[in-house]
Amino acid sequence: MKRIFMILCSLISLVKAQETINLYADSIPNSTDKEQVNLEKNVPRLFAYPADKSSAKNIAVLVIPGGGYSHIAMDHEGHAVAKELVKNGYSAFVLQYRLPSPNIMRNKSIGPLQDAQRAVQLIRTLHPELRKVGVIGFSAGGHLASTLITQFKKDYIANSSHVSLRPDFAGLIYPVISMENDITHKGSRINLIGENPSEDLVRSFSSELQVSPEVCPVFFVHAKDDRAVPIENSYRMIAALDKAKVPNKLYVFEQGGHGFGLINKTSDKLWFDAFLSWLATLD
(Lines give C-alpha, C1' and ligand atoms only; values in the text may rest on other atoms or scores of the structure.)
Protein backbone atom coordinates (compact mmCIF):
# COMPACT_ATOMS: atom_id res chain seq x y z
CA MET A 1 0.00 0.00 0.00
CA LYS A 2 2.89 2.34 0.75
CA ARG A 3 4.18 1.96 -2.81
CA ILE A 4 0.70 2.66 -4.23
CA PHE A 5 0.49 5.80 -2.08
CA MET A 6 3.85 6.96 -3.42
CA ILE A 7 2.68 6.53 -7.02
CA LEU A 8 -0.57 8.37 -6.30
CA CYS A 9 1.48 11.23 -4.89
CA SER A 10 3.57 11.29 -8.06
CA LEU A 11 0.45 11.98 -10.11
CA ILE A 12 0.20 15.40 -8.46
CA SER A 13 3.96 15.91 -8.25
CA LEU A 14 5.48 19.27 -9.08
CA VAL A 15 7.84 17.52 -11.50
CA LYS A 16 7.12 18.89 -14.95
CA ALA A 17 8.52 18.50 -18.41
CA GLN A 18 11.57 20.74 -18.65
CA GLU A 19 11.22 21.26 -22.38
CA THR A 20 8.62 20.97 -25.11
CA ILE A 21 10.13 20.08 -28.48
CA ASN A 22 8.37 20.29 -31.83
CA LEU A 23 9.14 17.12 -33.76
CA TYR A 24 9.73 18.91 -37.04
CA ALA A 25 11.67 22.14 -37.43
CA ASP A 26 10.18 22.99 -40.81
CA SER A 27 7.32 21.38 -42.68
CA ILE A 28 5.53 18.38 -41.25
CA PRO A 29 5.81 15.37 -43.59
CA ASN A 30 2.75 13.84 -45.20
CA SER A 31 0.73 17.01 -44.59
CA THR A 32 -2.13 18.35 -46.66
CA ASP A 33 -2.27 22.02 -47.60
CA LYS A 34 -5.29 22.62 -45.37
CA GLU A 35 -5.26 25.19 -42.58
CA GLN A 36 -5.95 22.55 -39.91
CA VAL A 37 -2.37 21.27 -40.25
CA ASN A 38 -1.04 24.25 -38.32
CA LEU A 39 -3.53 24.19 -35.47
CA GLU A 40 -1.83 23.80 -32.08
CA LYS A 41 -3.46 20.42 -31.43
CA ASN A 42 -2.17 19.03 -34.74
CA VAL A 43 1.50 19.95 -34.27
CA PRO A 44 3.37 16.85 -33.03
CA ARG A 45 5.78 17.36 -30.14
CA LEU A 46 7.75 15.78 -27.35
CA PHE A 47 7.57 16.65 -23.66
CA ALA A 48 11.04 16.00 -22.24
CA TYR A 49 11.59 14.74 -18.69
CA PRO A 50 15.35 14.38 -18.17
CA ALA A 51 16.58 12.10 -15.40
CA ASP A 52 18.42 13.63 -12.46
CA LYS A 53 22.12 13.53 -13.25
CA SER A 54 22.95 11.89 -9.92
CA SER A 55 20.79 8.84 -10.68
CA ALA A 56 20.66 8.81 -14.47
CA LYS A 57 21.01 5.44 -16.19
CA ASN A 58 21.61 7.05 -19.60
CA ILE A 59 18.51 5.26 -20.84
CA ALA A 60 15.50 7.05 -22.31
CA VAL A 61 11.93 5.86 -22.73
CA LEU A 62 9.54 7.23 -25.33
CA VAL A 63 6.07 7.25 -23.75
CA ILE A 64 3.12 6.88 -26.14
CA PRO A 65 -0.33 7.39 -24.59
CA GLY A 66 -3.42 5.78 -26.06
CA GLY A 67 -6.87 7.04 -26.97
CA GLY A 68 -8.14 4.91 -29.83
CA TYR A 69 -6.42 7.17 -32.39
CA SER A 70 -9.26 9.64 -31.68
CA HIS A 71 -7.70 11.50 -28.75
CA ILE A 72 -4.56 11.19 -26.61
CA ALA A 73 -4.68 10.30 -22.90
CA MET A 74 -1.72 12.56 -22.16
CA ASP A 75 -2.02 12.63 -18.38
CA HIS A 76 -2.46 9.16 -16.84
CA GLU A 77 -0.83 7.30 -19.77
CA GLY A 78 1.73 9.99 -20.53
CA HIS A 79 2.96 12.56 -18.03
CA ALA A 80 2.26 10.38 -14.96
CA VAL A 81 4.29 7.54 -16.48
CA ALA A 82 7.15 9.90 -17.38
CA LYS A 83 7.34 11.12 -13.77
CA GLU A 84 7.62 7.56 -12.48
CA LEU A 85 10.38 6.79 -14.98
CA VAL A 86 12.34 9.87 -13.92
CA LYS A 87 12.04 8.88 -10.26
CA ASN A 88 13.75 5.62 -11.17
CA GLY A 89 16.66 7.12 -13.11
CA TYR A 90 15.26 7.02 -16.64
CA SER A 91 14.80 9.98 -18.94
CA ALA A 92 11.34 10.12 -20.49
CA PHE A 93 9.83 11.77 -23.54
CA VAL A 94 6.04 11.90 -23.85
CA LEU A 95 4.85 11.87 -27.46
CA GLN A 96 1.97 14.02 -28.64
CA TYR A 97 1.49 12.45 -32.05
CA ARG A 98 -0.79 13.48 -34.89
CA LEU A 99 -4.15 11.74 -34.85
CA PRO A 100 -4.85 10.11 -38.22
CA SER A 101 -7.08 12.36 -40.30
CA PRO A 102 -7.47 13.05 -44.03
CA ASN A 103 -7.86 16.72 -43.09
CA ILE A 104 -4.21 17.01 -42.10
CA MET A 105 -2.54 13.99 -43.78
CA ARG A 106 -2.26 12.76 -47.33
CA ASN A 107 -1.95 9.19 -45.99
CA LYS A 108 -3.49 9.01 -42.53
CA SER A 109 -2.41 5.44 -41.82
CA ILE A 110 1.30 6.30 -41.63
CA GLY A 111 1.06 9.68 -39.91
CA PRO A 112 1.35 8.45 -36.29
CA LEU A 113 4.18 6.07 -37.22
CA GLN A 114 6.07 8.90 -38.86
CA ASP A 115 5.85 10.87 -35.62
CA ALA A 116 6.98 7.89 -33.52
CA GLN A 117 9.96 7.28 -35.81
CA ARG A 118 10.85 10.96 -35.76
CA ALA A 119 10.68 10.92 -31.95
CA VAL A 120 13.23 8.09 -31.74
CA GLN A 121 15.42 9.82 -34.33
CA LEU A 122 15.26 13.13 -32.47
CA ILE A 123 15.96 11.63 -29.04
CA ARG A 124 19.03 9.81 -30.35
CA THR A 125 20.24 12.88 -32.26
CA LEU A 126 19.84 15.28 -29.35
CA HIS A 127 21.21 12.85 -26.76
CA PRO A 128 24.08 10.80 -28.22
CA GLU A 129 25.14 9.90 -24.66
CA LEU A 130 22.17 7.57 -24.25
CA ARG A 131 22.99 3.87 -24.02
CA LYS A 132 19.47 2.80 -24.94
CA VAL A 133 16.22 4.27 -26.19
CA GLY A 134 13.08 2.24 -25.54
CA VAL A 135 9.35 2.77 -25.87
CA ILE A 136 6.27 2.17 -23.75
CA GLY A 137 2.81 2.46 -25.27
CA PHE A 138 -0.72 2.14 -23.93
CA SER A 139 -3.78 0.81 -25.80
CA ALA A 140 -3.74 2.46 -29.26
CA GLY A 141 -0.43 3.96 -28.20
CA GLY A 142 0.61 0.35 -27.68
CA HIS A 143 -0.36 -0.31 -31.26
CA LEU A 144 1.75 2.62 -32.38
CA ALA A 145 4.63 1.32 -30.26
CA SER A 146 4.18 -2.16 -31.77
CA THR A 147 4.38 -0.77 -35.32
CA LEU A 148 7.46 1.22 -34.29
CA ILE A 149 9.27 -1.92 -33.07
CA THR A 150 8.27 -4.10 -36.00
CA GLN A 151 8.61 -1.66 -38.92
CA PHE A 152 11.92 0.00 -38.04
CA LYS A 153 13.62 -1.26 -41.20
CA LYS A 154 11.55 1.10 -43.34
CA ASP A 155 12.11 4.83 -42.91
CA TYR A 156 8.78 6.66 -43.07
CA ILE A 157 10.64 9.93 -42.49
CA ALA A 158 13.73 11.58 -43.96
CA ASN A 159 16.76 9.91 -42.37
CA SER A 160 19.85 10.88 -44.34
CA SER A 161 22.12 10.31 -41.33
CA HIS A 162 20.80 6.74 -40.97
CA VAL A 163 19.96 7.13 -37.30
CA SER A 164 18.71 3.82 -35.92
CA LEU A 165 14.92 3.88 -35.61
CA ARG A 166 14.84 0.54 -33.78
CA PRO A 167 13.90 0.82 -30.09
CA ASP A 168 16.08 -1.21 -27.71
CA PHE A 169 13.12 -2.45 -25.65
CA ALA A 170 9.36 -2.02 -25.47
CA GLY A 171 6.53 -2.06 -22.97
CA LEU A 172 3.13 -2.76 -24.51
CA ILE A 173 0.40 -2.03 -21.98
CA TYR A 174 -3.06 -3.43 -22.81
CA PRO A 175 -2.05 -2.90 -26.45
CA VAL A 176 -4.07 -2.97 -29.62
CA ILE A 177 -1.91 -5.27 -31.76
CA SER A 178 -4.01 -6.63 -34.59
CA MET A 179 -6.23 -5.02 -37.21
CA GLU A 180 -7.91 -8.40 -37.80
CA ASN A 181 -11.68 -8.12 -37.29
CA ASP A 182 -12.00 -10.84 -34.66
CA ILE A 183 -9.82 -9.21 -31.99
CA THR A 184 -9.08 -5.62 -32.99
CA HIS A 185 -10.36 -2.51 -31.29
CA LYS A 186 -12.80 -1.35 -33.92
CA GLY A 187 -12.47 2.35 -33.23
CA SER A 188 -8.68 2.27 -33.51
CA ARG A 189 -8.87 0.30 -36.74
CA ILE A 190 -11.42 2.63 -38.36
CA ASN A 191 -9.55 5.76 -37.27
CA LEU A 192 -6.20 4.49 -38.52
CA ILE A 193 -6.92 2.51 -41.70
CA GLY A 194 -10.54 3.31 -42.52
CA GLU A 195 -13.94 1.61 -42.70
CA ASN A 196 -13.09 -0.78 -45.51
CA PRO A 197 -9.32 -1.27 -45.59
CA SER A 198 -7.61 -3.55 -48.09
CA GLU A 199 -6.20 -6.87 -46.92
CA ASP A 200 -2.71 -5.50 -47.50
CA LEU A 201 -3.41 -2.55 -45.20
CA VAL A 202 -4.89 -4.81 -42.52
CA ARG A 203 -1.82 -7.04 -42.70
CA SER A 204 0.62 -4.13 -42.68
CA PHE A 205 -0.81 -2.76 -39.45
CA SER A 206 -1.35 -6.09 -37.70
CA SER A 207 1.89 -6.15 -35.76
CA GLU A 208 1.74 -9.86 -34.96
CA LEU A 209 2.20 -10.45 -38.70
CA GLN A 210 5.23 -8.13 -38.94
CA VAL A 211 7.53 -9.71 -36.34
CA SER A 212 11.12 -10.56 -37.27
CA PRO A 213 13.99 -11.90 -35.14
CA GLU A 214 15.44 -8.36 -35.02
CA VAL A 215 12.53 -7.01 -32.95
CA CYS A 216 13.55 -5.77 -29.50
CA PRO A 217 12.57 -7.50 -26.22
CA VAL A 218 8.99 -6.76 -25.16
CA PHE A 219 7.13 -6.55 -21.82
CA PHE A 220 3.33 -6.90 -21.91
CA VAL A 221 0.63 -5.97 -19.42
CA HIS A 222 -2.97 -7.02 -19.94
CA ALA A 223 -6.09 -7.85 -17.90
CA LYS A 224 -7.99 -11.01 -18.77
CA ASP A 225 -11.32 -9.18 -18.51
CA ASP A 226 -10.36 -6.40 -20.94
CA ARG A 227 -13.43 -6.06 -23.16
CA ALA A 228 -12.23 -3.05 -25.14
CA VAL A 229 -8.98 -4.65 -26.32
CA PRO A 230 -9.09 -8.42 -25.77
CA ILE A 231 -6.01 -10.01 -24.23
CA GLU A 232 -5.84 -12.15 -27.38
CA ASN A 233 -4.02 -9.17 -28.91
CA SER A 234 -1.11 -9.71 -26.53
CA TYR A 235 -1.32 -13.51 -26.86
CA ARG A 236 -0.96 -13.36 -30.65
CA MET A 237 1.96 -10.97 -30.49
CA ILE A 238 3.67 -13.15 -27.90
CA ALA A 239 3.19 -16.23 -30.09
CA ALA A 240 4.82 -14.39 -33.00
CA LEU A 241 7.71 -13.21 -30.81
CA ASP A 242 8.21 -16.72 -29.42
CA LYS A 243 8.33 -18.12 -32.93
CA ALA A 244 10.99 -15.55 -33.86
CA LYS A 245 12.83 -16.25 -30.57
CA VAL A 246 12.44 -12.65 -29.38
CA PRO A 247 12.55 -12.34 -25.55
CA ASN A 248 9.27 -11.27 -23.99
CA LYS A 249 7.33 -11.33 -20.73
CA LEU A 250 3.61 -11.07 -19.97
CA TYR A 251 2.25 -9.57 -16.74
CA VAL A 252 -1.37 -10.63 -16.37
CA PHE A 253 -4.15 -9.27 -14.20
CA GLU A 254 -7.26 -11.38 -13.66
CA GLN A 255 -9.33 -8.19 -13.55
CA GLY A 256 -8.89 -4.52 -14.28
CA GLY A 257 -10.53 -4.01 -17.62
CA HIS A 258 -8.94 -1.45 -19.89
CA GLY A 259 -7.20 1.89 -19.53
CA PHE A 260 -6.08 1.68 -15.90
CA GLY A 261 -2.71 3.34 -16.49
CA LEU A 262 -0.15 2.90 -13.72
CA ILE A 263 -2.55 1.53 -11.12
CA ASN A 264 -5.02 -1.32 -11.51
CA LYS A 265 -7.45 -0.62 -8.67
CA THR A 266 -8.61 -4.24 -8.57
CA SER A 267 -5.17 -5.41 -7.43
CA ASP A 268 -2.58 -4.46 -4.83
CA LYS A 269 0.17 -5.50 -7.26
CA LEU A 270 1.95 -2.92 -9.40
CA TRP A 271 2.91 -3.87 -12.91
CA PHE A 272 5.30 -0.93 -13.12
CA ASP A 273 7.56 -2.49 -10.48
CA ALA A 274 7.69 -5.67 -12.54
CA PHE A 275 8.46 -3.63 -15.64
CA LEU A 276 11.38 -1.91 -13.91
CA SER A 277 12.73 -5.26 -12.70
CA TRP A 278 12.46 -6.62 -16.22
CA LEU A 279 14.31 -3.61 -17.62
CA ALA A 280 17.14 -4.25 -15.17
CA THR A 281 17.60 -7.74 -16.60
CA LEU A 282 18.29 -6.30 -20.06
CA ASP A 283 21.51 -4.54 -19.00
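This passage describes the largest pocket, an annotated domain, a β-α-β unit and the salt bridges of a predicted model.

The largest pocket encloses about 330 Å³ of space. Of the 19 residues that line this pocket, those closest to its centre are Pro 50, Ala 51, Ser 91, His 127 and Glu 129. Strand S1, spanning residues 19-22, contributes at least two residues to the lining, as does strand S4, spanning residues 91-96. When the lining is divided by class, 9 residues are nonpolar, 5 are polar and 5 are charged.

According to UniProt, in an unreviewed entry, the feature "domain: BD-FAE-like" is placed at residues 52-240. Within the model, the C-alpha atoms at the two ends of this span are 37 Å apart, and its secondary structure amounts to 33% helix and 15% strand.

Strand S7, comprising residues 218-223, pairs in the parallel sense with strand S8, comprising residues 248-253, and the pairing extends over 6 bridges. One of the residues involved is Ala 223, for which the bridge partner in S8 is Phe 253. Together with helix H7, formed by residues 232-243, strands S7 and S8 make a β-α-β unit that is right-handed.

The structure holds 11 salt bridges. Among them is the one between Lys 87 and Glu 84, in which the closest N and O atoms are 3.1 Å apart. Because Lys 87 and Glu 84 are 3 residues apart in helix H2, which covers residues 75-87, about one helical turn separates them. Side chains of opposite charge can pair when their charged atoms come close.

Note on methods: Residues numbered from 1 in each chain as written. Predicted model: local features only at pLDDT ≥ 70, side-chain atom pairs only at ≥ 80, totals over all residues. Heavy atoms only, no water. 1 Å grid on protein atoms, 1.4 Å probe; cavity = no way out; pocket = protein on both sides within 12 Å on 5 of 7 lines; lining within 4 Å. Points joined across faces, edges and corners; volume = space filled by probe spheres on them. Helix = DSSP H or I, 4+ residues; strand = E, 2+ residues; numbered from the N terminus. Nonpolar A, V, L, I, M, F, W, Y, C, P; charged D, E, K, R; others polar. UniProt positions renumbered as here; feature names shortened; annotations may be inferred. Pairing = 2+ DSSP bridges. Right-handed = clockwise from strand over helix to strand, strands pointing away. Salt bridge = Lys/Arg side-chain N within 4 Å of Asp/Glu carboxyl O.
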